[in-house]
Amino acid sequence: MSQTDLLAELSWRGLIHQCTDQTGLSELLASGPQTVYIGFDPTASSLHVGSMMQLMMLRRFQKAGHRPIALVGGATGMIGDPSGKSEERNLLSAEQLQKNVDGVAQQMRQFLEFDGDQAAVLLNNYEWMQSYSYLDFLRDVGKSFPVGGMLGKESVRARLDSETGLSYTEFSYMLLQAFDFVQLCRSHGCRIQAGGSDQWGNITAGIDLARRMLGEQVFGVTAPLLTTSDGRKMGKTESGAIWLDPKRTSPYQFYQYWRNVEDADVMRCIAYLTEIEKEEYESLSEATESDPGRRTAQNRLAQWMTEFVHGSEGISAAVRASKILFGGEIGSQTDESLGEIFADVPSSEVERQLLNDDGYWVVEALQAAGLVASGGEARRAIKEGGIYLNNERVVDQQYRLGEKDLASETVMIFRKGKRNYALLRFSV
RNA sequence: GGGGGUUUGCCCGAGUGGUUAAAGGGGGCGGACUGUAAAUCCGCUGGCUACGCCUACACAGGUUCAAAUCCUGUAGCCCCCA
């Protein structure tokens, strides 16, 4: 991909929100391979959907022949970026921070190429900040930082006007991030910083600082934030963030999240997060327009994302689980395959001998499985036709469960309504 | 300190001696429809192997054949006077 294609691509994808000097940047990119950096906050040991967008941005630069630097904020993470936050952050402990940095660094390997001519570089700003003394920092960096400019930044003003205010520590955050840019410019010849639009203030601070300290002209470009059509941040559910780590968000949940994206948001997700090409993008957009019921774009998005993040095994597991969880036939399964498919479903154990003799009363089983709070509720649910055993409706309130009702060696699958599953394990 | 009012199920809110497990609404849960959507429609919404029994209308006690409903005391909330 040539340099001009890169900006054209970012632009049709809507990934350029603000840019400090569009023509300057495009000339710079055209003049040869450049180094570009994006900072990542190590607030957790896994990346989530929001940071994925930034990683894809770096990936796009790398594919176009530039060198990406993923900067993990080991030092800045100790302070906490106040941008876009309404409250003072809790400070993370040093050990927690280190764990997070390690976890995040690990995940980046699947997004960026760390070998070859334009090998990606992974840095931690703790490396150069840890031994920087306060006095030296004030003399070298603070000196070139006019407070008036800082006060003018939107991110600072918003917090100063709020009731919680802004601590000196958080106020200083900007200096640290600005200095990162200077440092990377010096050590790696990095002249471009990208980031989310909430980073605009920090990025421009870095550009000003580079001009003052190094006399260098550097550039900044921001991408829009990934929000829903009604303005909420994407990548969050009631139960928390969507993580890239399969231990935190299973491939199934991940897949389902994207499948369920609103029509109004789906095309933006595809543009921002995937590498689906323009022609396909347009045909998906057309499909959403003309036949929204088929959810063609959502399916494609879910499939692309899950495969990219969790590999071919992840996507096939997610699709298999989706088919069964949405009412498909269960048939005869093994404990192992059920365990995989129903990984996110609560399960309980009861004694196997309950199945002997007259069998185990469904109403009791439903209570044991935790699907209903009382026997009365269980009876009612059955009467209403809302209870399913291994995806087949239970009609008889007096039904007794026996060995024949097992879906696998030891497990029965109960469902209340469309989506509430619970496993009951009959152990020995 | 004195006087008046109020307290109902997850929430709001009717009910002022018996057919009241308590109208109506909201929420929740099921079902139908659908796009694993929205809207809509229908049903359910104290417990108990249950045509019966038990527990419930702030709490404790009393009157009565019978109380969420009447009386007394206690507590919470609200208003008026000082």
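Let's start at the RNA. A polar side-chain atom of R393 sits 3.3 Å from a sugar or linking oxygen of RNA strand B. Keep in mind that this is a predicted model.

Two more contacts belong with that one. K416 places a polar side-chain atom 3.2 Å from a sugar or linking oxygen of RNA strand B. Q398 goes to a base instead: one of its polar side-chain atoms is 3.4 Å from a base oxygen of RNA strand B.

Now the whole surface. Which residues come nearest to RNA strand B? Of the 25 residues around the strand, they are R295, F326, R380, R400 and N420. By class, the surface near RNA strand B has eleven polar residues, ten charged and four nonpolar.

What about the RNA side? Take the atoms of RNA strand B within 4 Å of the protein. Sugar or phosphate accounts for 54% of them, and bases for the rest.

Where does this surface come from in the fold? Helix 11, residues 251-259, and helix 17, residues 375-383, each supply at least two residues of the surface near RNA strand B. Helix 17 gives the largest share, with four residues.

Next, the rings. How many aromatic pairs does a search of the whole structure find? Eleven. Let me take one, Y360 and F426. Their ring centres are 6.1 Å apart and their planes stand at 90°. Planes over 60 degrees apart count as edge-to-face, so this pair is edge-to-face.

The Y360 and F426 pair also links distant parts of the chain. Y360 is in strand 10, residues 360-361. F426 is in strand 15, residues 420-427. The two are 66 residues apart.

Are these two rings buried or exposed? The cut-off for buried is under 20% relative accessible area. Y360 has 7% relative accessibility, so Y360 counts as buried. F426 has 0%, so F426 counts as buried too.

There is also a cluster. F111, W304 and F308 form one aromatic cluster.

Last topic: charges over rings. Two cases here. The charged end of R248 sits over the ring of W243, 4.5 Å from the ring centre. R415 lies over the face of Y388, and the distance to the ring centre is 3.9 Å.

To recap. On the RNA side, R393 and K416 each contact a sugar or linking oxygen of RNA strand B, while Q398 contacts a base oxygen. On the ring side, Y360 and F426 form an edge-to-face pair. That's it from me.

Definitions and conventions: Residues are numbered from 1 along each chain as its sequence is written. Chains are lettered from A and ligands numbered from 1 in the order in which they are written. This is a predicted model: local features need pLDDT of at least 70, side-chain atom pairs count only at pLDDT 80 or more; totals for chains, interfaces and linings use all residues. Side-chain values use heavy atoms; hydrogens and water are left out. Rings of Phe, Tyr and Trp (its six-membered ring) pair if their centres lie within 6.5 Å; planes under 30 degrees apart count as stacked, over 60 as edge-to-face and the rest as tilted. Buried means under 20% relative accessible area, exposed over 50%, partly exposed in between (1.4 Å probe, protein chains only). A charge sits over a ring if NZ of Lys or CZ of Arg is within 6 Å of the ring centre and within 35 degrees of the ring normal. A residue is near a molecule or strand if one of its heavy atoms lies within 4 Å of it. A polar contact is a pair of N or O atoms within 3.5 Å; within protein, one must be able to donate a hydrogen and the other to accept it, and residues adjacent in sequence count only if both atoms are side-chain atoms. Ala, Val, Leu, Ile, Met, Phe, Trp, Tyr, Cys and Pro count as nonpolar, Asp, Glu, Lys and Arg as charged, and the others, Gly among them, as polar.
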